[in-house]
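User: Please look closely at one part of this structure and describe it in a single connected account. I should like to understand how its pieces are arranged against one another.

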2 protein chains.
Amino acid sequence: MSLAIKNGLVATQNSKRDVLRADVLIEDGRIAAIGKSLKGEKSIDASGCAVIPGLVNCHGHAAMTLMKGVADDLNLEQFLDRTFAIDARRTRADVKAGAMLGCLEMLLSGTTTFLDMYYHEDAVAEAVEATGIRGYLGWAVLDDDKTTQKGSPLKNADKFIKDFKSSNLVRPLIAPQGVYVCSEETLLGARELAEKDDVGLHMHLQETRHEVHEHEMKTGKRPIAWLDGIGFLNERLSAAHCVWLTINEIRLLKKNGVGVAHCPVSNAKLASGGIAPVPEMRREGVHVGLGTDGSASNNCLDIFQEMKFCALAHKAHRWDATVLNAQEIFDMATIEAARVLGAEKELGSIEKGKRADLAIVDLTAPNMSPTYEGNLISNLLYSCTGANVRDVIVDGKVVLRARKLKTCDEAQIAKEAEKHARKLLEL
Amino acid sequence: MSLAIKNGLVATQNSKRDVLRADVLIEDGRIAAIGKSLKGEKSIDASGCAVIPGLVNCHGHAAMTLMKGVADDLNLEQFLDRTFAIDARRTRADVKAGAMLGCLEMLLSGTTTFLDMYYHEDAVAEAVEATGIRGYLGWAVLDDDKTTQKGSPLKNADKFIKDFKSSNLVRPLIAPQGVYVCSEETLLGARELAEKDDVGLHMHLQETRHEVHEHEMKTGKRPIAWLDGIGFLNERLSAAHCVWLTINEIRLLKKNGVGVAHCPVSNAKLASGGIAPVPEMRREGVHVGLGTDGSASNNCLDIFQEMKFCALAHKAHRWDATVLNAQEIFDMATIEAARVLGAEKELGSIEKGKRADLAIVDLTAPNMSPTYEGNLISNLLYSCTGANVRDVIVDGKVVLRARKLKTCDEAQIAKEAEKHARKLLEL
């Protein structure tokens, strides 16, 4: 089946960052052509709309949508006490219900790919397949004596990978939670498993001063140097947060091909202090994408809002309005994010041969008016929210149309989420 | 005519900050009762919704909606060069078209009252009366030799006040632009006129280091001390920005009853440096509301987004997640904002006798699920955007219903705005 997206203003995110008044033709789940007067068996009129690459969320915990507003305005220690207490009660069915709501929330805000880290990722995978979003799903790995998972996390991860390796929308990953709960043995086991199964790795890294300091006290090295020393760092790895970095640590990330998921809203809300040195990472050639983190520390999964906050936070931090301009940050939500996932050949731009993952944004909404070629990227950054997304296409399939989910019953998702939240939160 | 808002979760913002499952009865443009089983001649079902006081935007330039995305990622000097060049070409009809779009954008995001500063405020007043929003409209005043207005700004302001003094939705103000374009004579003339006509004053104040430094070089005093010295500060005045303040300046504001419009997004985007000392202002008893500023430096007029950014910016700046909690910031968009306008007896909370200015927020949207009594304020702060607003009532009149404007033709507003923007920006 072929589908033509007609008459939109296309933010291609190709190497020239062309913004074109053009049609986009989709065939067999991939982009077949970008140009004038393209015809498909079906078509969608995108007059008055932007057509953009589906946004990529590089770090989150979709199941935590059930925990909106349970741990706000708390410093990290109290935040973790509150959220871990709830985590300990969470069942597989709670994870599924939360992930369904999270996938819906992400699709409604133009995200077509997300990277997740949690346990019961098989339940998240079911939510991915049911809703039609694309998921890079990392099974959380901790030392056997530190986890609440049944059985060994590495064995659970191995099983999860086998079960979903051939899924079209799911890419399984192994996700060591962080150096504070993963020994050298666990980390190298995760790396070995990733090589054997040919999958990616994802972990939290140098999010807080406490994490860095504690690890240095224990091992004599800061986490990144220590991970480099044990031979853990490699191209399969993407790391979330990376707030507290030295320039030498940035160079170690670059040397080892490690990508970074920058989560500015979460870092600000938890007051991790400082702000990740994104301009320096980009200058040194480290790929940096954006992540929302989970709904307890954000509390929304809208990458448009993450982009705007990212821009504002860095400008305010540096006293320099020219830092990280609109195009650079739009890159971090699209093509650079795809590089963080190692998926730049498949995702992150509207170019012939790539997966047809697209969002169609209504430019006639009052908050987006007036938009023209010259301010499109600016308006996507500074004026747009996820609520301006009209349609979403994943893998060539129309998943959202006129803000209605085509794959599942939205009311049912909301009802299930409410039911599970009430039980989980003991309301 | 009486109207009952039925079955909502009411964030009253009364002195106890009660959140009640209750009906709200409106009679003759005012809130007549809050309670169970209230009946009106007409009713709106707010099941699954929050009912909140209409949000108050304490500082902006509504006509600048036409200038979205024209001056992004620029430091203040280049920003002013670019925007002033466009300002100089702007006609009264451009101001009207931009203000119509701005009023629409604000209503769509739950704002029922805004404070504006511009010239041609009579055109903004027409937009207020046409759309049905409430406007505190400040005629911009500069020295006669520094303005592009025809005639004397103070005389123009006086005429504007006379023309709109009896309007139901418009409250005219006098708005000296700032100490950098207003002499002592102009400022005292503005103050005298405000006394004579019994209206408020509004001005930009201590937004940048440059402004403070330049004034100190010129007069020997920083702006606030100088304004205090010439007898300009008084209870009629609200001041926008106030980023660069000492504790003694905060105490001078308090002593003189001056309220502050905090514009964190604009300050961050223009990289004014630092962040306004809001916790100290609140501690000293200065009333602080939120403002979006104009669409060239934000670039949206959604107070929900301003609230979230305010929370995140202060937490990140102080390395303390407990600074300015959700309730405090919601106050800054409602009851505290009303105090900044000197309108706390009329606006800012849902209490018997106050003006019926309300927004109804859809809590069943995926990004707002699950919401219950215990996390309502949190979710309004951290998960909500203006797009979750379903209905808006101003002065007892339903202005927005199911996100459709009842007072004007939205398509016509957008079309006019586009036409004027293209001419103004020479596209």
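Analyst: Two directions count as roughly parallel when the angle between them is under 35 degrees, as roughly antiparallel when it is over 145, as roughly perpendicular from 65 to 115, and as oblique otherwise. The model is predicted: local features need pLDDT of at least 70, side-chain atom pairs count only at pLDDT 80 or more, and totals for chains, interfaces and linings use all residues. Residues are numbered from 1 along each chain as its sequence is written, while chains are lettered from A and ligands numbered from 1 in the order in which they are written.

The part chosen is a sheet of chain A with helices that pack on it. Helices (H or I, at least four residues) and strands (E, at least two) are DSSP runs numbered from the N terminus. The sheet is open and has eight strands in the order β6-β7-β8-β9-β10-β11-β12-β13, with parallel pairing; strands pair if DSSP finds at least two bridges between them. At its edges stand β6 (55–60) and β13 (288–290), each with a single partner strand, so each has one side without a neighbour in the sheet. From one strand to the next the twist averages 25°.

Within this sheet, β8 (residues 134–141) runs parallel to β9 (residues 170–176), and seven bridges join the two. One bridge partner is A:Val170 of β9(A), set opposite A:Gly135.

Helix α3 (residues 121–131) of chain A lies across β7 (111–118), β8 and β9, at about 175° to β8(A). Angles run from 0 to 180 degrees between N-to-C directions, and axes are lines fitted to C-alpha atoms, for helices over the stretch in contact. α4(A) also packs on the sheet, where it touches β8 and β9, and its direction makes about 160° with that of β8(A).

α4 (residues 153–164) has a helix partner too: its axis and that of α5 (residues 184–197) of chain A come within 11 Å and cross at roughly 15°. α4(A) and α5(A) are therefore roughly parallel. The crossing is right-handed, that is, the near helix is turned clockwise from the far one by less than a right angle.

α4(A) contributes A:Leu154, A:Ala157, A:Asp158 and A:Ile161 to the contact, and α5(A) contributes A:Gly189, A:Ala190, A:Leu193 and A:Asp197. Contact here requires C-beta atoms, placed from the backbone, within 7 Å. By class there are five nonpolar residues, one polar and two charged, where Ala, Val, Leu, Ile, Met, Phe, Trp, Tyr, Cys and Pro count as nonpolar, Asp, Glu, Lys and Arg as charged, and the others, Gly among them, as polar.

How values were computed:
Two residues are in contact if their C-beta atoms, placed from the backbone, lie within 7 Å.
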